[in-house]
Amino acid sequence: MKICCIGAGYVGGPTMAMIALKAPGIEVRVVDMNAARIAAWNSDTLPIYEPGLDDVVRQTRGRNLHFSTDIHGAIKAADIIFVAVNTPTKTYGVGMGRAADLRFIESVARTIAEHANGTKIIVEKSTIPVKTAETIKDIIAANARGWKCEVLSNPEFLAEGTAIADLQMPDRVLIGGERTPGGEAAIQTLVDVYAHWVPRDRIITTNLWSSELSKLVANAFLAQRISSINSISALCEATGADVDEVANAIGKDSRIGSKFLKASVGFGGSCFQKDILNLVYLCEHFGLPEVANYWESVVRMNDWQKRRFSSRIVRSLFNTVAEKKIAVFGFAFKKDTNDTRESAAIAVCRDLLAEQARVVVYDPKVPAAEIRADVLGKGAEDPRLSVATSAYAAAEGAHAIAIVTEWDEFRHLDYEKIFKSMHQPSSIFDGRNILDLKKLAAIGFRVHGIGK
Ligand code: UDX
Ligand code: UDX
């Protein structure tokens, strides 16, 4: 059995590494048009930071896991082709700002049609709008020379920062396919791949459209919980309730559950906003404006939460941050990843720069060039934005610290030492509620948490 995966990103790389680890009899080839990225996968410094990933790659690379730019060769050789290219929100034309941009999916389908030389199973790993499988099938049917393909949907539910654990023991694996004899056989082939390590009762099979839609809906429900608790955080700040106490109290109800109730500066990541907007677009397309509005409010609430955080900083610093130094702790969209896509930190830094603050960012994993490019745009410079190599250096002489990512190291800093090095009075805005605010207040900090 030979598998190839087109797209060596945050999803394709770790997922294929896990298949290679658990199914040593399967040859896995990960290909990407980005040669620098492939070179990084073949080096000691992998292109993405993910706890445990180095170890899995070390065990499998060169054995039954290979990274290369030979997309055509990999397609020819493979029995199963995973498609894990990115599907960003469209930035132009019809559906701009909402619909998914499917040009990479389409071009990959054409490449497969052109270079495949026999029957293949094509697996959609990328998150895509419902009915994309039909597009892939149409393109292949129109271009293939005498061979057929089966298209399956197999969305990935891993979360960044815990990808290896999530892949090792997934809550479920979802496989959607056509309920025809050919479709059923393809589903079974993919089930057998996962059954190398995933208990059979956790592998769910559905029709194609249910599978495609489930991914969007899962992300929308998760994000909705965060926007819900974040909306309540504003009410807590107004009333004196503590949002963590409220979350704990409601989360004990087994019908609600305790996960994904952490109030924060706002959710980020490549998926939540993109997938909800995608769902919104689908609903509008199918004439369901009420449903579209309902889900869109989850994104609106998240935008408001990010703005609310920066406004609170400005308000608390006597309504002006002009020329004040603000240390931003954390830039990744969550801890244990170097991914910054849609990170709340981007919005917060931009808001503060717009108020003419001097912003110093420290993140343990995100390179300085990435931080600058994300906040200012590629190649742009702003003397007010700088990047420090430690939390201590970032805080030196600062008027305030804003915690934006919940990196563990921020919990264990010597805040007495930091306090002494700062401009007085000094404030901490804990956008993740990870610090003991009472202790910090005792040191002398002015403290502000989310929903506190
Ligand atoms: C994934 C999913 O595919 C996306 O749908 C989901 O919503 C988020 O996670 P991710 O792995 O994070 O995307 O994307 P990225 O890290 O950008 O990787 C995609 C890779 O595909 C890139 O390395 C890019 O170079 C490659 N690519 C893209 C190709 O090889 N060919 C193309 O035509 C387009
Ligand atoms: C998400 C889904 O969890 C995953 O199943 C899907 O495959 C991809 O999208 P990811 O974006 O990698 O994964 O991370 P996730 O842990 O879901 O966090 C997303 C954002 O929500 C982060 O910015 C995180 O900090 C924030 N978050 C999460 C909160 O603010 N509060 C919470 O309670 C949980």
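Colleague: Which residues lie nearest the centre of the second largest pocket?

Modeller: Bear in mind that this is a predicted model, where local features need pLDDT of at least 70 and side-chain atom pairs count only at pLDDT 80 or more, while totals for chains, interfaces and linings use all residues. Residues are numbered from 1 along each chain as its sequence is written, chains are lettered from A and ligands numbered from 1 in the order in which they are written, and side-chain values use heavy atoms, with hydrogens and water left out. A pocket is an open set of points on a 1 Å grid over the protein atoms alone, where a 1.4 Å probe fits and protein lies on both sides within 12 Å along at least five of seven lines; its lining residues have an atom within 4 Å of a point. Here 16 residues line the pocket, and those nearest its centre are Ala 99, Ala 100, Leu 102, Pro 129 and Tyr 281.

Colleague: How much space lies in that second largest pocket?

Modeller: The volume is the space filled by probe spheres set on the grid points, which are joined across faces, edges and corners. For the second largest pocket, that comes to about 250 Å³.

Colleague: Which elements give two or more residues to the lining of the second largest pocket?

Modeller: Helices (H or I, at least four residues) and strands (E, at least two) are DSSP runs, numbered from the N terminus. The elements that fit are α6 (132-143) and α11 (272-285).

Colleague: And which element gives the most to that lining?

Modeller: The lining of the second largest pocket divides into nine nonpolar, four polar and three charged residues; here Ala, Val, Leu, Ile, Met, Phe, Trp, Tyr, Cys and Pro are nonpolar, Asp, Glu, Lys and Arg charged, and the others, Gly among them, polar. With four residues, the element giving the most is α11.

Colleague: On to ligand 1: which residues come nearest?

Modeller: A residue is near a molecule if one of its heavy atoms lies within 4 Å of it. The shell around ligand 1 holds nine nonpolar, nine polar and four charged residues, and α5 (residues 103-115) gives the most, with three. Of the 22 residues around ligand 1, the nearest are Asp 32, Arg 37, Thr 127, Lys 274 and Arg 341.

Colleague: What share of its area does the protein bury on ligand 1?

Modeller: Let's start with polar contacts, pairs of N or O atoms within 3.5 Å. Oxygen atoms of ligand 1 lie 2.6 Å from a polar side-chain atom of Arg 37, 3.0 Å from a polar backbone atom of Val 85 and 2.8 Å from one of Thr 127. Taken alone, ligand 1 exposes 690 Å² (accessible area by the Shrake-Rupley method with a 1.4 Å probe), and the share the protein buries is 93%.

Colleague: Which helix gives the most to the shell around ligand 2?

Modeller: Of the 20 residues around ligand 2, the nearest are Phe 157, Glu 160, Ser 264, Lys 334 and Arg 432. By class, the shell has eleven nonpolar, three polar and six charged residues. The helix that gives the most, with four residues, is α9 (residues 208-239).

Colleague: What is the radius of gyration of the protein chain?

Modeller: The chain has 17 helices and 14 strands. The globule rule, 2.2 Å times the number of residues to the power 0.38, with the radius taken over C-alpha atoms, gives 22 Å for 452 residues. The chain is as compact as a globular protein of that length, because close to that value is its own radius of gyration, 23 Å.

Colleague: Which peptide bond is cis, with omega near -5°?

Modeller: Look in the loop between α16 (415-421) and β13 (427-430), where Pro 425 has its place. The cis bond runs from Gln 424 to Pro 425.

Notes. A polar contact is a pair of N or O atoms within 3.5 Å; within protein, one must be able to donate a hydrogen and the other to accept it, and residues adjacent in sequence count only if both atoms are side-chain atoms.
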